[in-house]
Amino acid sequence: MVMGAAVELSVADSMTRGGHEQVVFVADAAVGLRAIIAVHSTALGPSLGGIRFWHYPGERDALADVLRLSEAMSLKAAAAGLHQGGGKAVVLWDDQHQFRSEAFLRVLGRAIDELGGRYIAAEDVGATPADMNGLALETRWVTGVDGPGGSGDPSPVTAVGVLAAMRAAARELDGDPSLAGRRVVVQGAGHVGAHLVELLVDAGASVGVADIDRERVDALVRARGVDALAVETVLEEECDVLAPCALGGAFTAETVLRLRCRAIVGAANNQLADSSVDDALVACGIVYAPDFVANAGGIINIAEEFVGYDPRRALTRAAEIEETTARVFALARELGVAPGRAAETMARRRITEEGGGRRWRPGDPAAWTRGEPLRTLRPGVAPAKAV
Ligand code: NAI
């Protein structure tokens with residue numbers, strides 16, 4: 001969660017090292033708000049990223065987290081071919097069960113509004129649609145609000161994107177993208193995992209599932225005839241594709257040695273404990289579809305809100321992740337590096353070459369406004385009314 005190196009540096013030095021454009025500290029004693037908004041890059045368009053409500057040991061930890069997460073959002077958006085940059089907000093929030101008042105959300109909403117669209121908010125860990133509705137009382141620059149034009153639960157679109165990345169991995173394995181007859185093991189049958197299982201069964205795959213919530217697995221066993229697997233050993237199952245759809249950090253240099261899959265393609269964020277695992281997977285002959293490429297369906301879904309949400313267009317764009325993942329594998333071969341590194345290179349190249357050092361300013365047109373100044377998200381839709 002926390003990037004150690006940046007904690008020792010000053011704010012400006014940390015920003016310089018990571019290439020961050022802007023960091024805004026927000027504090028309001030009356031409502032008890034302490035938050036940091038980081039805009040990493042707006043070279044490709046306004047920055048988008050979730051708001052995380054989290055218990056941080058201290059302010060420096062929160063700063064390190066927001067810097068790391070906002071940079072990751074830039075890479076994710078750039079790799080997905082989106083015309084937007086990366087940003088993130090963290091709120092120092094000690095008690096995850098504590099109610100957030102309208103006054104609290106309004107202060108945060110005003111701080112976001114002051115950035116004029118340079119930072120567009122979304123949900124992240126600890127946030128709810130009610131939070132987004134509260135922010136929307138003060139700013140247009142928020143996604144995930146209830147009502148017309150909202151993109152709703154991104155999980156089905158994320159699952160379509162993961163399936164698309166799996167097809168690219170299957171082709172990388174033996175030239176055939178079809179998943180029919182392949183053994184796929186899914187860790188985590190939550191929002192994304194359950195949808196993915198459905199898609200895999202429909203595609204003719206033989207599917208095994210494990211979840212610490214046994215009821216979720218049983219429901220899929222009953223409905224779709226998949227195999228229930230043990231949570232403790234699921235990562236060591238023999239299969240064509242292993243799909244981590246639970247929490248991050250599933251793979252370490254040590255656990256990689258016990259894997260019996262041919263490819264890893266899943267929805268979880270930060271699947272590799274560190275970048276050396278990327279190389280370890282190559283050494284083991286396992287094809288790894290980088291997590292931020294495979295799970296970009298969620299951000300692709302949100303981006304569709306900018307122009308008026310259309311679920312079919314979101315699904316079509318998520319399916320394009322197959323082509324993006326194939327390009328990552330091709331670049332990895334060309335550069336002689338592991339896929340995770342290749343994906344990062346691909347994203348950074350796009351930010352540099354297409355972004356050309358630009359900084360998006362409030363009122364500038366965005367890629368989706370046909371040359372008009374960007375005045376709002378969800379054009380033609382009335383703002384949310386209540387928290
Ligand atoms: P979720 O919370 O609905 O599902 C996670 C599932 O994993 C739960 O059913 C939980 O019981 C299970 N689980 C937790 N630890 C486990 C373990 N050790 N072994 C087996 N199962 C375990 O979350 P969701 O939304 O499905 O997301 C899954 C992952 O994908 C997360 O890492 C999330 O950050 C990431 N992600 C999700 C997106 C989305 O659209 N929902 C978009 C991009 C990334």
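These are my notes on the ligand site and one sheet of this structure, which is a predicted model.

**Ligand shell.** I started with the residues around the ligand and found 20 of them. Thr158, His191, Asp211, Arg216 and Ala246 come nearest. I then sorted the shell by residue type: 10 are nonpolar, 8 are polar and 2 are charged.

**Polar contacts.** I looked up three side chains with N or O atoms by the ligand. In His191, such an atom is 2.6 Å from a ligand oxygen. For Asn269, a polar side-chain atom lies 3.1 Å from an oxygen atom of the ligand. In the side chain of Ser155, an N or O atom is 3.3 Å from a nitrogen atom of the ligand.

**Burial.** I checked how much of the ligand is covered. Alone, the ligand exposes 830 Å², and the protein buries 74% of that. Two elements give two or more residues to the shell: helix H6 (155-174) and helix H7 (191-202).

**Sheet.** I turned next to an open sheet of 6 strands and wrote down its order as S8-S7-S6-S9-S10-S11, with parallel pairing. Strand S8 (227-228) and strand S11 (287-288) are at the edges, and each has a single partner strand, so one side of each lacks a neighbour in the sheet.

**One strand pair.** I followed strand S9 (residues 238-244) and strand S10 (residues 260-264), which run parallel and are joined by 4 bridges. Leu242 stands opposite Ile264 in S10.

**Helix on the sheet.** I came back to H6, which packs on the sheet and touches strand S6 (183-187), S9, S10 and S11. The direction of H6 makes about 120 degrees with that of S10. H6 is thus noted twice here, once for the ligand shell and once for the sheet.

Note on methods: Residues numbered from 1 in each chain as written. Predicted model: local features only at pLDDT ≥ 70, side-chain atom pairs only at ≥ 80, totals over all residues. Heavy atoms only, no water. Near = heavy atom within 4 Å. Polar contact = N/O pair within 3.5 Å; in protein donor to acceptor, adjacent residues only side chain to side chain. Areas by Shrake-Rupley, 256 points an atom, 1.4 Å probe, with all protein chains shown as cover. Nonpolar A, V, L, I, M, F, W, Y, C, P; charged D, E, K, R; others polar. Pairing = 2+ DSSP bridges. Contact = heavy atoms within 4.5 Å. Axes fitted to C-alpha atoms, helices over the stretch in contact; angles between N-to-C directions.
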